[in-house]
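Colleague: Before I read anything into this model, could you take me through how some of its labels were reached?

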Amino acid sequence: MARDNTKYRFEENVYGKGRLVHAVVATYIERYDATLAQLEQIFPGSLQNKNGNVFITQQEYDERLSKSSDVENRFYNKTEDRLLTHDGITIYVSNQWGVGNVEGFYQQAIKQGFTIEKIISSSQATLEPFFTASNENTISPLNQILYGPPGTGKTYHTIEAAVKAAEPTFTWATRDELKAEYVRLIADKRIRFVTFHQSYGYEEFVEGVKAETVDGKINYKIESGVFKKTVENSRAKRVSQLDLSSHYDLSKRKIWKMSLGNTQTDEGEMVFNECIENNYLLLGYGGNINFEGCDSTLKIKEKFIDAGYQLKPQDYNVTSVNTLVNKMSVGDIVIISDGNHKFKAIAEIISNYSFIDDDRDWYFQKRDVKWLMIFDEGRPVDELFSSSLSQMTLYNLKDSVISRDKLSRLLNESKQELEEIKNYVLIIDEINRGNISKIFGELITLIEPSKRKGAEEEIELVLPYSGDTFSVPDNLHIIGTMNTADRSLAMMDTALRRRFDFIEMMPNPKLFNNKQIKGIDLTRLLNALNKRIEALYDREHTLGHAFLFPAYNEQNEDKAFELLKAAFKNKIIPLLEEYFYDDWNKIRLVLGDNQKSDELRFVEEHNESYDSLFGSNHGLETYEESKTCYTLMSFDGENSVWDNPQAYIAVYTSIK
C-alpha cells in the first residue's frame, strides 16, 4: 500500500498532520483572542471523528489520565504544547490525525481564512519510511529488533525508530529534519549507540573494574558500561528541593565541584544532611583553625604552621582552605558530587567565608549557600560533564569539563519540566553477533516489560562489582539490528527471542517502480537475482534494495549506470562470493550467465585438461579428464562486459 507523505506549509513552517492541527488552533487563539466556546464552535470534535476531540480541557485530560495513561499518547501534553484560551482555559490538542480525518480539518481551516499549502512528496524514492506517513502516534515497543538481509535499510530505519521512541510526537518533513533531531537527542544522551561483537562482554556493557594509576600507585575503580549509564540517565530527576526565585545567568559565575564527606560512609551522609538542613557548605580540611581575615595563601599557611601542622610542598590542606576562603565568590555555583560518576545537589554561594565556633569535633570551615536543587538520587555526570569527576574535594570546573549550556538549562527548568519522564533509547547494532549471556548476564530478565521498574512484577538485582541496586525503567527503549546473513533468526538466542519484538525488513524491489537505466529495469533485475539466491541458498541471504538506491536516485543516466556497475563490483559480487564460498557455478547461475550468449556473460566458463596441465602421467585419480574453471570478467578496460547494458538486461529476461 502506498504511503501518504503529504506535508503542509503553514505560516512559513512545514508540518505533519497532527502538528498542523496544533499550529492552526494555536494561531486561531492568538489571532482572534478565541475563548473555549468559540474554539469548540469553529473546530468541533466531529472533525477528528464521530466521537472525537480536536482538543480537550485540562480538567478533561486529568479525568482521563486518572483512568488510563493512554491519554498521554493521544494528546500533545508537553508544557510548551499546552494552549491557553482567551478566557484562561488550558487545552490539549489531539495528535490522532491521519489520511482519514485531517482533510476535514484542513478544509475547515481554509474556510477560516488560513492559507495552507499541501506539499506532496516527489516521486524520487528514498528508503521506505518505517513509520506511518504522518510519522506520528506510533507506539514503539520497549524492545525491538530490526532484522533482514544486508542492504534492506535496517541502520537507516534505526534513526527513525530511535527518534520515534524518544520523542513520540516529533514530526518531520524532510530526512534532514529527522537527522537533526537524532543528533540533538544523542547530544542530550537520550540516544546511545553500541555495536556487539564476539569479544564484547558484561564489563563493557554493564559495569567492570578498571585499573588506573594515581600518584604512582595502581588503583582499581568501578566503571559503568553503556547500558548502566543509559539506565541511570533515563531515571526521572526527582527533586526534593528546588529554588526558582532567580533566572540563573552563568556567564560571569565560577563553577565549583565539591564533595561533602565520603558518600560511601555514614559520616559522609551526616555531613551532607547537616549542610542541606542548615543551608551551608562545610569543609573538613583546616580542622578547628579559624581562617577569618586570611586573605592570601601565605596567611593561611602561617595559620596552619602556628597550629602545629607540618606542611608539605603544595599541601592540599592549604589549597582547599584557600579555595573556600579566598577563591570562591558570592554568586558562584557549587555542584555537590556523589562519588566520581554522579552529582546530587547544586547550590549558590550567598556569603563570604566564616568559621563555626561551637563544640563540634569536625568540619569547622563554612560558606552559606542557597540550595538551588537537591536530587533524591544522584544524577549521572554526563548530563553536565564531559568526563568523570576527580576525587579532589574542592576544585574549579573549567568550561572544557562542564557544559554551561546544559547547566543553565537545568537551573532554569521548572520542577514539572525537571521531573518530566522522558524516553531514552539504546541502539544495539549487530545484536546477534554478541554472546548474549556473556554481555547481559543476569540482567537479561530485567529488560522484559513485565519486569521493568514500576511494573507489577518488577525485579531489582544487586550488581556484582558496585553492589548497587539495579532495575530497568519503562522509559528505556532498546532497539537492535540483526543481519540475517550473519545468523539465521532460527539460531537466535532464545532469551532474546522471548523478550524482543522482531520486525522483518526484506528487500523491496517495488520501490524502484520499474525505473530503467539505459534500458535496465531495476525492479526486474533485483527480483531475478533474489529469486535465484533464494532457490540456491535461502531468503535470508537475498540482496537488499539499498544497494541499488544510489543508481536509482541519480538523475544523470550515465552516472546512474556507473553507480549500478559500482554496486555490482563493490557490493553484490563480493556478497555472492561470500554466500556461495567461491562456488562460481552458483554465482553464474544467480547472474543468469548460463542463459546468456558468450559476449554477455559476467563469469567466463572454460575447461582445463588435466593432461595439458600436468602431462599424461600425472597419476591423479579423477573421474573426469578436465576441470571446469571460472573467471570473473574484469570491470576495467575497454569493451568490458560490465559496461554493456544488455548484459544486465539478460540477467532477468529469461524469468517470466
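Modeller: What follows is a short exchange about rings, charges and burial in this structure, which is a predicted model.

Colleague: Why is the aromatic pair of Tyr285 and Tyr316 called edge-to-face?

Modeller: The structure holds 38 aromatic pairs, and in this one the ring centres are 5.2 Å apart with 80 degrees between the planes; because rings pair when their centres lie within 6.5 Å and planes over 60 degrees apart count as edge-to-face, both conditions are met. The pair also links distant parts of the chain, since Tyr285 lies in the loop between β13 (280–283) and α11 (297–306), whereas Tyr316 belongs to helix α12 (residues 316–327), 31 residues apart.

Colleague: What makes Tyr285 partly exposed?

Modeller: Its relative accessible area is 30%, and because buried means under 20% and exposed over 50%, Tyr285 falls in between.

Colleague: Why is the aromatic pair of Phe355 and Phe364 called stacked?

Modeller: Here the planes of Phe355 and Phe364 are 15 degrees apart, with 5.7 Å centre to centre, so the angle is under the 30 degrees that stacking requires and the distance is within 6.5 Å. Both Phe355 and Phe364 are buried.

Colleague: How do you know that the charged end of Arg19 is close enough to count as sitting over the ring of Tyr76?

Modeller: The distance from the ring centre is 4.1 Å, and because the limit is 6 Å, Arg19 satisfies the distance condition.

Colleague: Why does Leu575 count as buried?

Modeller: Leu575, in helix α19 (residues 557–579), has 15% relative accessibility, which means that it is under the 20% cut-off.

Conventions. Residues are numbered from 1 along each chain as its sequence is written. This is a predicted model: local features need pLDDT of at least 70, side-chain atom pairs count only at pLDDT 80 or more; totals for chains, interfaces and linings use all residues. Side-chain values use heavy atoms; hydrogens and water are left out. Rings of Phe, Tyr and Trp (its six-membered ring) pair if their centres lie within 6.5 Å; planes under 30 degrees apart count as stacked, over 60 as edge-to-face and the rest as tilted. Helices (H or I, at least four residues) and strands (E, at least two) are DSSP runs, numbered from the N terminus. Buried means under 20% relative accessible area, exposed over 50%, partly exposed in between (1.4 Å probe, protein chains only). A charge sits over a ring if NZ of Lys or CZ of Arg is within 6 Å of the ring centre and within 35 degrees of the ring normal.
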